[in-house]
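Visitor: I have a few quick things to ask about this one. Can you take me through them?
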Amino acid sequence: ETALEKLIKLGGFPEPYLKGNETFAKRFRRIHTDTIIREDLLDLESVRDVKSIEILIDLLRNRVGSTTSYTSLANDLQVSIHTVKHWLQILENLYIIFPVRPYHKNITRSLLKESKYYLYDTGSVEGDIGAKLENTFACALLRELHFIEDTTGSRVALNYLRDKDKHEVDFLPVVDNKPLCMIEVKVGEENFSPSLFRFHRKLKNARPFQVVYRLKRKKSKDMARMLPAHEFLRDLKLL
């Protein structure tokens, strides 16, 4: 079993990862989340509807990698959009989730568009391997950006790319308002995503990468590179 397979299955928290046991990982996760919600949350916020926040976490676990519709979440939870946004902010503050916002040079415009939410604990992501793999990359890129922020004082952001025609690229790490590279994450794909080349024409300094979990052989096309997912993560260095 590779390190990446373990990360996808067990998550990146030290205890479940090092123990290497799925049952232990589930128990750890349950206790960890319960502690955060029933102790830390109630210490910080006067939240009466703890059960709905637990349901919100479950909904987000099943929607990793999808743009978040506040209206849809509000309907599912039978609360207002304002309440959903407030609860999402609480979960961010408690380091349960983090947003990846659409890239736009005008920051206020990107804040108005739909974010994607990822979980700090990849092991708790529900759904197929694609969602878990994408979440693993989101965590790795965020960690690397935080390292750059801590060591250089630069302003960093993890964004995604999407245009009005709904072409999309999963990740765009940005340091001091400069996009560094664009990364499309796939489970098994031998052809380059056309969106990489489409966005590279607009963001010429951001090198395009397609990282593939099950890749038979590496490829290059124009400026784009196709690499095995584990290799990209192993050598990850954004600056």
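Guide: We can go through cysteines, a pocket and aromatic rings; bear in mind that this is a predicted model.

Visitor: Cysteines, then. How many disulfides does the structure hold?
Guide: Zero. Cys139 is in no disulfide, and its nearest cysteine sulfur belongs to Cys181, 16 Å away.

Visitor: Why is there no bond for Cys181?
Guide: Distance. The closest cysteine sulfur to that of Cys181 is in Cys139, and 16 Å is too far for a bond. The cut-off for a disulfide is 2.5 Å between the sulfurs.

Visitor: Is Cys139 buried or exposed?
Guide: Buried, at 17% relative accessible area. Cys181 is buried too, with a value of 6%.

Visitor: New topic. How much space lies in the second largest pocket?
Guide: About 510 Å³. Two elements give two or more residues each to its lining: α1 (3–10) and α8 (129–152).

Visitor: Which of them gives the most?
Guide: That is α8, with six residues.

Visitor: Which residues lie nearest the centre of the pocket?
Guide: Leu7, Gly12, Cys139, Ala140 and Arg143, out of 17 lining residues. So Cys139, the buried cysteine from before, turns up here again.

Visitor: What is the lining like by class?
Guide: Ten residues are nonpolar, five are polar and two are charged.

Visitor: On to rings. How many aromatic pairs does a search of the whole structure find?
Guide: Eight. One of them joins Phe98 and Tyr120. Their centres are 4.9 Å apart, with 55° between the planes, and the pair counts as tilted.

Visitor: Where do those two lie?
Guide: Phe98 is in strand β1 (residues 97–102). Tyr120 is in the loop between β2 (116–119) and α8. The pair therefore ties together parts that are 22 residues apart in sequence.

Visitor: What about burial for Phe98?
Guide: Phe98 is buried, at 3% relative accessibility. Its partner Tyr120 is partly exposed, at 26%.

Visitor: Which residues do ring pairs link into a cluster?
Guide: Tyr95, Phe98, Tyr118, Tyr120 and Phe171. The tilted pair of Phe98 and Tyr120 belongs to that cluster.

Visitor: Last one. What lies over the face of Tyr17?
Guide: Lys6, at 4.4 Å from the ring centre. Phe24 has a lysine as well: the charged end of Lys19 sits over its ring, 5.4 Å from the centre.

Note on methods:
Residues are numbered from 1 along each chain as its sequence is written. This is a predicted model: local features need pLDDT of at least 70, side-chain atom pairs count only at pLDDT 80 or more; totals for chains, interfaces and linings use all residues. Side-chain values use heavy atoms; hydrogens and water are left out. Buried means under 20% relative accessible area, exposed over 50%, partly exposed in between (1.4 Å probe, protein chains only). On a 1 Å grid over the protein atoms alone, a cavity is a set of points where a 1.4 Å probe fits but cannot get out, and a pocket is an open set with protein on both sides within 12 Å along at least five of seven lines; lining residues have an atom within 4 Å of a point. Grid points are joined across faces, edges and corners, and a volume is the space filled by probe spheres set on the points. Helices (H or I, at least four residues) and strands (E, at least two) are DSSP runs, numbered from the N terminus. Ala, Val, Leu, Ile, Met, Phe, Trp, Tyr, Cys and Pro count as nonpolar, Asp, Glu, Lys and Arg as charged, and the others, Gly among them, as polar. Rings of Phe, Tyr and Trp (its six-membered ring) pair if their centres lie within 6.5 Å; planes under 30 degrees apart count as stacked, over 60 as edge-to-face and the rest as tilted. A charge sits over a ring if NZ of Lys or CZ of Arg is within 6 Å of the ring centre and within 35 degrees of the ring normal.
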